[in-house]
Amino acid sequence: MKEREQLAKTLKPQWVWAIALGSAIGWGAFVQPSVWMGGSGPLGAIIGFSIGAALMMIIAVSYGFLIENFPVSGGEFAYAFIGFGRNHAYIAGWFLVLGYTCIVALNASALALVLKYIFPAVAEQGFMYNVAGWDVYFVEVVIASVALIVFAYMNMRGANLSGKIQFIFVIFMIIGVLFLFVGAILHPDTSFSNLQPLYNPDISSWSSIILIVAIAPWAFVGFDNVPQAAEEFNFSPKKGFMLIIFSLICAGLIYVLMITATALAMPWQELVDSQPKWGTGDAMSGLFGNWGILILAIALCMGVFTGLNGFFVSSSRLLFAMGRAKIIPSVFGKLHSQYKTPYAGIVFTCVVCLITPWFGRQVLTWVVNMSSVGVTIAYIYTCVVAYKLFKWSRESYNPIQGFSAVTAPFKKAFSMVGALTGAVFLGLLLIPSSPAFMGVPSLIALFIWIALGVVFYLIKGPEFRKIPKDELEYLILGARQGDEAEKSG
């Protein structure tokens, strides 16, 4: 059996935490607070994000267990294989490839939006055409394309470089958020009375909260980048769970602090009624002038940069794992001769994303909304596999042969709740009457992607199914050291 390629263990704990947090916080935390308050009110939005973070932590219990026991690239792709076999691994991987790639593209286009908000005269140069109501400008396409190429190059140079840069970006982002929040609290012109009414007066307080909880998978997606990088940990995989939890706590706090800072600046209903292009930008400029806009813009750019970098890491590692398993062309499973990085996945992600700015952000948003379904399906797979590996008691039957089960009734309960939570989120995305329904264009895009997946599997599937189970297990999970003695916990 040919020796499988393996990534070097170069990622430090703080870098992995930064990958998770930076991927979860994008441009939305700095641009959308006025939109969220318009639908839910300040307290409704704050409680909604807090509940969303808590629900993600429940799901994270399953991720932590599987990272500790299976620290390999591929994440949910590998977990679906463990629990359900190669066909389910393909399904999980197919959806995740789209999800991660789309988020890279979305972050690149968000960088162009930043310039459009701050310097519209510069960004809106070279009008080309209109797609689905969105004007496409040549300058915006150039900005997004340059960002994609730069971050692809940095990732090509190695996880060491991308990890360091990610950590630096995250620290600058946090400093910016803290400055704006503390500044808003201490500013003589701000008042907590500006938060009244606490909820959207047009709907119930419960509905106000649910509107935000429904977008939790989108708001916190990024913590699941940790398992994609697990093969490169230079520390014990046991720390993976706490790194995810810490990143979710920090992400939840950043959302809360930015909503609060925006609401303190002026009566929130007045801000919403003015229909601003950038509500938080107007609020911060009103308090701090140009310095407020500058600090907000820096924090926003750091959020976009960390999303670009973090999902470049994840998409390339997922493609590497699938290439190594021979489910996609084997070139994806090879490492760069000099930098030892999954270069094919990085180049593929960059090339695909370079196409997207030409279609405009509206079309990209349809695809990204659709890809949220795939990410949610990955959450469900992870929780169900963990549920199958946990046991209620020592005498319980282990449904996955060949893998040691763990007696952990509380964790088994958490994994069950996590799977049910994922199912609820999936329903919220797919049910037309839901507040988080992704929309008809996104639903059409979903059916197209599923059809493409079926066609690709009909072509590649026969070869993939011929790989012996032991060989495939080795390619996806690495060398087995022998089952450990049954644990209790």
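**View 1. Lys116 and Glu140 pair in a salt bridge.** Lys116 counts as buried, because its relative accessibility is 13%; buried means under 20% relative accessible area, exposed over 50%, and partly exposed in between (1.4 Å probe, protein chains only). Glu140 is also buried, at 9% relative accessibility. Their side chains meet at 3.7 Å, N to O. A salt bridge here is a side-chain nitrogen of Lys or Arg within 4 Å of a carboxyl oxygen of Asp or Glu. Side chains of opposite charge can pair when their charged atoms come close. The whole structure holds 6 salt bridges. Lys116 lies in helix H6 and Glu140 in helix H8, so this pair ties together parts that are 24 residues apart in sequence. Helices (H or I, at least four residues) and strands (E, at least two) are DSSP runs, numbered from the N terminus.

This is a predicted model: local features need pLDDT of at least 70, side-chain atom pairs count only at pLDDT 80 or more, and totals for chains, interfaces and linings use all residues. Residues are numbered from 1 along each chain as its sequence is written, and side-chain values use heavy atoms, with hydrogens and water left out.

**View 2. Glu471 meets Lys326 in a salt bridge.** The N to O distance is 3.2 Å. Glu471 sits in helix H21 (residues 469–477), and Lys326 in the loop between helix H16 (290–324) and H17, so the pair ties together parts that are 145 residues apart in sequence. Lys326 counts as partly exposed, at 33% relative accessibility.

**View 3. Helix H20 (residues 440–466) holds both Lys460 and Glu463.** They lie 3 residues apart, about one turn of the helix. Their side chains form a salt bridge of 3.4 Å, N to O. Which partner is buried and which is partly exposed? Lys460 is buried, at 17% relative accessibility. Glu463 is partly exposed, at 46%. Elsewhere, salt bridges that share partners join Arg4, Glu231 and Arg324 into one network.

**View 4. Helices H6 and H13 end to end.** Helix H6 (residues 86–118) has 33 residues, and its end C-alpha atoms are 48 Å apart, which agrees with the 48 Å span it should have at 1.5 Å a residue. The expected span is 1.5 Å times one less than the number of residues. Of the 33 residues of H6, 27 are buried. H13 has 26 residues and reaches 38 Å from first C-alpha to last, close to the 38 Å expected. In H13, 21 of the 26 residues are buried, so it is largely enclosed by the rest of the structure.

**View 5. A nonpolar patch on the surface.** Phe138, Val142, Val146, Val150, Ile355, Trp358 and Phe359 make this patch of about 610 Å². Patches are made of residues with over 30% relative accessible area and no salt bridge: like charges are joined within 9 Å, nonpolar side chains (Val, Leu, Ile, Met, Phe, Trp, Tyr) within 5 Å. Helix H8 (residues 138–156) gives the most, with 4 residues. Trp358 sits in the loop between helix H17 (343–355) and helix H18 (361–389). Trp358 counts as partly exposed, at 35% relative accessibility.

**View 6. Confidence along the chain.** The protein chain averages a pLDDT of 89, and 96% of the residues score at least 70. pLDDT is the predictor's confidence in each residue, from 0 to 100. Among the elements, helix H13 (residues 240–265) has the highest mean, 96, and strand E5 (residues 487–488) the lowest, 38. Where pLDDT is low, the predicted coordinates should not be read in detail.

Note on methods. Accessible areas come from the Shrake-Rupley method with a 1.4 Å probe; for residues, only the protein chains shown count as cover.
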